[in-house]
Amino acid sequence: MNKRKLLAGPYLIWAVGFIILPLLMIIYYGLTSPDGGFTLENLLAIGDPIHYKALGQSLLIAFGSTCISLLIAYPLAYILSKNQGSKKGIIIMLFILPMWINFLLRVLALQMILANTGILNGILNFFGLPSQHLLYTRAAILIGMTYDYLPFMILPIYNAMCKIDRDLIHAAADLGAGNQLIFRKIILPLSMPGVISGIIMVFVPSISEFAIADILGGSKILLIGNVIEQEFSLTNNWHLGSGLSIVLMVFIFISMAVMNKNDAEGEGQMIW
């Protein structure tokens, strides 16, 4: 028992220094005014038009990137889980490979692709198609978030599908169930834990994203992450920035609680 406590010591120090203390600092600054008095104005500032508009845009774009990632990831994970060939590992590696590259480098590379004189428009013009103005738009931010967080949707779903007992599928087929019925009653419900995990892993970082909005949005589209970042770095108003951060954390915790509740109620259950 003492050895376990000793081994857990470094992790406890890490948690206190890099998780608990920063959270306590955010709560302190968010609930106090510059003179040190208690106040809720920093939390209620989310009601300002510029703040709730930025929060609404963040929720909308995060929801959109999560849905697009799910639509792409689920069929791909399903195909990969059924494929037993050697090419499966290569395809998975292609999706994991960008995660080994610096985040900002990936976004900057995407900026070059989506630019008016970039690679994408060069290809379109080569085939005689009209150029597309994507950079510095909501579409560019949506593409950037989907590109960066897609692997976090694919891997949990793929792992969940690989864990499905193939004997269940074979037994259902022997009993006369068609492919659609097998998918609806066996594969879909048993893969839901992976879907829930993927949704959380994509939605949570997307709602607080600000770097992609700065680079691909050209600071023209203000997300709640941009507002918080500006309060800390430009206006040096840590109290307001912390108050908005607390509100954002509440939204994140609510979304995670809802997803985890649905996961706990639906994991492994057969649905029709």
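In this predicted model, helix 3 passes helix 9 in a right-handed crossing. Two packed helices are described by the angle between their axes and by the distance between those axes. For helix 3 (residues 49-82) and helix 9 (residues 179-207), the angle is about 140° and the axes lie 9 Å apart. On the side of helix 3, the contact is made by Ser58, Leu59, Ala62, Phe63, Ser65, Thr66, Ser69, Leu70, Tyr74 and Tyr78. Helix 9 answers with Phe183, Ile187, Leu188, Ser191, Val195, Ile199, Val202, Phe203, Ser206 and Ile207. Sorted by character, the residues of this contact comprise 14 nonpolar and six polar ones, with no charged residue.

Helix 9 also matters for the next topic, the nonpolar interior. The largest nonpolar core has 60 residues, and helix 9 gives the most to this core, with eleven residues. Helix 3 is among the helices that each supply at least two residues of the core; others include helix 5 (103-114), helix 7 (138-162) and helix 12 (238-266). Within the core, the residues with the most contacts are Ile141, Ile157 and Leu216.

Leu216 is a good place to look around. Setting aside residues up to four places away in sequence, Leu216 touches Val107, Leu110, Gln111, Leu135, Tyr136, Thr137, Ala140, Ile141 and Gly144. The last of these, Gly144, sits in helix 7. Is Gly144 buried or exposed? Gly144 counts as buried, because its relative accessibility is 1%, and the cut-off for buried is under 20%. Apart from neighbours within four places in sequence, Gly144 is in contact with Leu110, Ile212 and Leu216. Arg4 gives a sense of scale: from C-alpha to C-alpha, Gly144 and Arg4 are 43 Å apart in space, with their positions 140 residues apart in sequence.

A polar residue can be followed in the same way. Asn226 is found in helix 11. With a relative accessibility of 2%, Asn226 counts as buried. Its contacts, again without residues up to four places away in sequence, are Phe210, Ala213, Asp214 and Ile221.

Finally, the cysteines deserve a look. A disulfide is a covalent bond between the sulfur atoms of two cysteines. How many disulfides does the structure hold? The number is zero. Cys67 is partly exposed, at 31% relative accessibility, and Cys162 is also partly exposed, with a relative accessible area of 37%. Both receive this label because their values fall between the limits for buried, under 20%, and exposed, over 50%.

Notes
Residues numbered from 1 in each chain as written. Predicted model: local features only at pLDDT ≥ 70, side-chain atom pairs only at ≥ 80, totals over all residues. Heavy atoms only, no water. Axes fitted to C-alpha atoms, helices over the stretch in contact; angles between N-to-C directions. Helix = DSSP H or I, 4+ residues; strand = E, 2+ residues; numbered from the N terminus. Left-handed = near helix turned anticlockwise from the far one by under 90°. Contact = heavy atoms within 4.5 Å. Nonpolar A, V, L, I, M, F, W, Y, C, P; charged D, E, K, R; others polar. Disulfide = S-S within 2.5 Å. Buried < 20%, exposed > 50% of the residue type's maximum accessible area, 1.4 Å probe, protein only. Core = buried A, V, L, I, M, F, W, Y, C linked by side-chain atoms within 4.5 Å.
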